[in-house]
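Dear colleague,

Please find below the structure for your review. My findings follow directly after it.

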Amino acid sequence: EPGAVVVRVLQESPLVRPSVTMGADFDEVFVDGAPWALYSGRTVLLPNRRGDYRVTTQAHGGPALPHVLATRAPLSHCAYDPAARELLLVVEAGGDRPAELPYTAVLGGPVPPRLDGAELVPEDELRHADPAARRAAEATGVVIRFRPGIVRVHYGD
């Protein structure tokens, strides 16, 4: 269906996160009935582990909710809570990843006023090919840096 599918992930991949491209636009994603905020356009990025996942989407037609557009972090939880105005990420420790090497994620939505367990990556640390690429990146979202554990991205006061 355009807004629902069952996906079977047969193996973990060190190179690319499993994903599915939905047949219709959406504003909200659920994986196995739980909110899931890891998507870009119509593509839902799934947990990188074996299993069957029921992906459903809903379109509200309002402004896009804050969500993760891209990350290599092994997320076990990624959901936006509209009541709390908070994006919650739970990041599993990577097997052979050095503890001092942080993860990054590109977040879609407004610039968050507060982060717990993460920090915004300053623009001067990002390498854009040219001014047009910088403007396009700024219009897309922000980049955060974090370590394994719980990350709370606050969008409220």
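In this predicted model, the largest nonpolar core holds 35 residues, and the members that touch the most others are V44, V55, L87, L107, I144 and F146. In soluble globular proteins, nonpolar side chains tend to be buried together.

F146 deserves a fuller description. Leaving out residues up to four places away in sequence, F146 touches T71, A73, V91, P102, Y103, T104, A105, G117, A118 and V151. Several of these names return in the strand pairing described next.

Strand pairing

The protein chain contains one helix and 15 strands. Strand 11, residues 103–108, pairs with strand 8, residues 67–71, in the antiparallel sense over four bridges. Within that pairing, T71 has A105 of strand 11 as its bridge partner. Strand 11 also pairs with strand 14, residues 141–146, again in the antiparallel sense, over six bridges. Here the bridge partner of T104 is R145 in strand 14. T71, T104 and A105 are also among the residues that F146 touches.

Two loop residues

P74 lies in the loop between strand 8 and strand 9, the latter covering residues 75–81. Is P74 buried or partly exposed? P74 counts as partly exposed because its relative accessibility is 26%. Beyond its neighbours up to four places away in sequence, P74 touches R17, V90, V91, E92 and Y103. V90 is 16 residues from P74 along the chain, and the two C-alpha atoms are separated by 8.5 Å. V91 and Y103 also appear among the residues touched by F146.

M22 sits in the loop between strand 2, residues 19–21, and strand 3, residues 28–31. With a relative accessibility of 5%, M22 counts as buried, since the cut-off for that class is under 20%. Apart from neighbours within four places in sequence, M22 is in contact with P2, G3, A4, V5, R42, V44, V55 and T57. V44 and V55 belong to the core residues listed above as touching the most other members. As for E138, 116 residues from M22 along the chain, the C-alpha atoms of the two residues are separated by 26 Å.

Salt bridges

How many salt bridges does a search of the whole structure find? The search finds six salt bridges, and three of the pairs may be described individually.

R152 forms a salt bridge with E86, with 2.9 Å between the closest N and O atoms. This pair links distant parts of the chain: R152 belongs to strand 15, residues 149–154, and E86 to strand 10, residues 86–91, with their positions 66 residues apart in sequence. R152 is partly exposed, at a relative accessible area of 32%, whereas E86 is buried, at 14%.

E125 forms a salt bridge with R145, the closest N and O atoms being 2.9 Å apart. This pair likewise links distant parts of the chain, 20 residues apart: E125 is in the loop between strand 13, residues 118–120, and helix 1, residues 131–140, while R145 is in strand 14. E125 counts as partly exposed, its relative accessibility being 44%. The E125 and R145 pair is part of a network of salt bridges that also includes E119. R145 is, in addition, the bridge partner of T104 in the pairing of strand 11 with strand 14.

R114 and D116 meet through their side chains in a salt bridge, at 3.5 Å from N to O. R114 is partly exposed, with a relative accessible area of 41%, and D116 is likewise partly exposed, at 28% relative accessibility.

The chain as a whole

The radius of gyration of the protein chain is 16 Å, which agrees with the value near 15 Å that a compact globule of 157 residues would have. Taken along the principal axes, the C-alpha atoms fill a box of roughly 45 × 40 × 35 Å. Of the 157 residues, 36% count as buried. The accessible surface comes to about 9,000 Å², and 53% of that area belongs to carbon and sulfur atoms. Among contacts between residues at least 6 apart in sequence, 70% join residues at least 24 apart.

Yours sincerely

Definitions and conventions
Residues are numbered from 1 along each chain as its sequence is written. This is a predicted model: local features need pLDDT of at least 70, side-chain atom pairs count only at pLDDT 80 or more; totals for chains, interfaces and linings use all residues. Side-chain values use heavy atoms; hydrogens and water are left out. A nonpolar core is a set of buried Ala, Val, Leu, Ile, Met, Phe, Trp, Tyr and Cys residues joined through side-chain atoms within 4.5 Å. Buried means under 20% relative accessible area, exposed over 50%, partly exposed in between (1.4 Å probe, protein chains only). Contact means heavy atoms within 4.5 Å. Two strands pair if DSSP finds at least two bridges between them. The radius of gyration is taken over C-alpha atoms; the globule rule is 2.2 Å times the number of residues to the power 0.38. Accessible areas come from the Shrake-Rupley method with a 1.4 Å probe; for residues, only the protein chains shown count as cover. A salt bridge is a side-chain nitrogen of Lys or Arg within 4 Å of a carboxyl oxygen of Asp or Glu.
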